[in-house]
Amino acid sequence: MSRRTIRSEAMKFLYAKTLNDSFAFSDFLCNLTKIKKDLEKEELGMLVDGILKVEEKLEECIKNCSKEYEKLNQLDKSILKVGAFELLYTNLPKSIVINEAVEIAKEYGDDVSKAIVNAILDCIGEKYER
């Protein structure tokens, strides 16, 4: 599995959690994820856990870089949370993080998702220090 698949699966879990707040990550791992290898499940778990621990801060950063945060759909917000987390809490290069998030937005989002994700993550990368 690629790192993009792990990011996509994290986004899917975050999105599912917005639809049902009681949705458990363990249920997602057992029933819904494409990821089957234990090491990759562990990596996914660390990513999701990290995002959930700082979710309010991530949302604040996204809001500060979006004039119309409330109009963003939940899928785009989930993609943005994964990207914002990687920009702020990992050593991954900004260009890679943004590119991966844009590719996920192209695959799962609507026609404007990729532009929104690109603009907001670029702003976060410029505005906030790691």
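Arginine 3, leaving aside its neighbours within four places in sequence, is in contact with Glu43, Leu47, Glu86 and Leu92. The model in which these contacts appear is a predicted one, and in it arginine 3 is found in helix H1, where its relative accessible area of 27% makes it partly exposed. Two of the contacts involve acidic residues. The side chain of arginine 3 makes a polar contact with the side chain of glutamate 86 at 2.6 Å, and arginine 3 also forms a salt bridge with glutamate 43, the closest N and O atoms again being 2.6 Å apart. This second pair links distant parts of the chain, since glutamate 43 belongs to helix H3 (residues 38-53) and arginine 3 to helix H1 (residues 3-19), 40 residues apart. Glutamate 43, with a relative accessible area of 29%, is partly exposed. For a sense of distance along H1 and beyond, arginine 3 and aspartate 27 are 24 residues apart in sequence and 21 Å apart in space, C-alpha to C-alpha.

**Salt bridges**

Side chains of opposite charge can pair when their charged atoms come close. The count of salt bridges in this model comes to 14, and three of them are listed here.

| Basic residue | Acidic residue | Closest N and O atoms |
|---|---|---|
| Arginine 3 | Glutamate 43 | 2.6 Å |
| Arginine 7 | Glutamate 100 | 3.3 Å |
| Lysine 17 | Aspartate 21 | 3.9 Å |

Arginine 7 forms a salt bridge with glutamate 100. Arginine 7 lies in helix H1 and glutamate 100 in helix H6 (residues 94-108), so the pair ties together parts that are 93 residues apart in sequence. Arginine 7 counts as buried because its relative accessibility is 4%, under the 20% cut-off, and glutamate 100, at 12%, counts as buried as well. Aspartate 21, which pairs with lysine 17, is by contrast exposed, with 62% relative accessibility. Arg3, Arg4, Arg7, Glu43, Glu86 and Glu100 are linked in a network of salt bridges.

**Helix H6 and its surroundings**

The buried residues of H6 are Val97, Ile98, Glu100, Ala101, Val102, Ile104 and Ala105, and what covers them includes H1, H5 and helix H7 (113-127). How far apart are the end C-alpha atoms of H6? They are 21 Å apart, which agrees with the 21 Å that its 15 residues should span at 1.5 Å a residue.

**The nonpolar core**

In soluble globular proteins, nonpolar side chains tend to be buried together. Here the largest nonpolar core has 40 residues, of which Leu44, Ile62, Ile79, Val117, Leu121 and Ile124 touch the most other members. At least two residues of this core are supplied by each of H1, helix H2 (25-31), H3, helix H4 (55-64), H5, H6 and H7, while the largest share, 8 residues, comes from H5. Valine 117, leaving aside its neighbours within four places in sequence, is in contact with Ile79, Leu80, Ala101, Val102 and Ala105.

**Serine 78**

Serine 78 has its place in helix H5 (residues 74-89) and, with 1% relative accessibility, counts as buried. Its contacts, apart from neighbours within four places in sequence, are Met11, Leu14 and Tyr15. The side chain of serine 78 reaches the backbone nitrogen of tyrosine 15 at 3.3 Å.

Technical notes
Residues numbered from 1 in each chain as written. Predicted model: local features only at pLDDT ≥ 70, side-chain atom pairs only at ≥ 80, totals over all residues. Heavy atoms only, no water. Salt bridge = Lys/Arg side-chain N within 4 Å of Asp/Glu carboxyl O. Helix = DSSP H or I, 4+ residues; strand = E, 2+ residues; numbered from the N terminus. Buried < 20%, exposed > 50% of the residue type's maximum accessible area, 1.4 Å probe, protein only. Polar contact = N/O pair within 3.5 Å; in protein donor to acceptor, adjacent residues only side chain to side chain. Contact = heavy atoms within 4.5 Å. Expected span 1.5 Å × (residues − 1). Core = buried A, V, L, I, M, F, W, Y, C linked by side-chain atoms within 4.5 Å.
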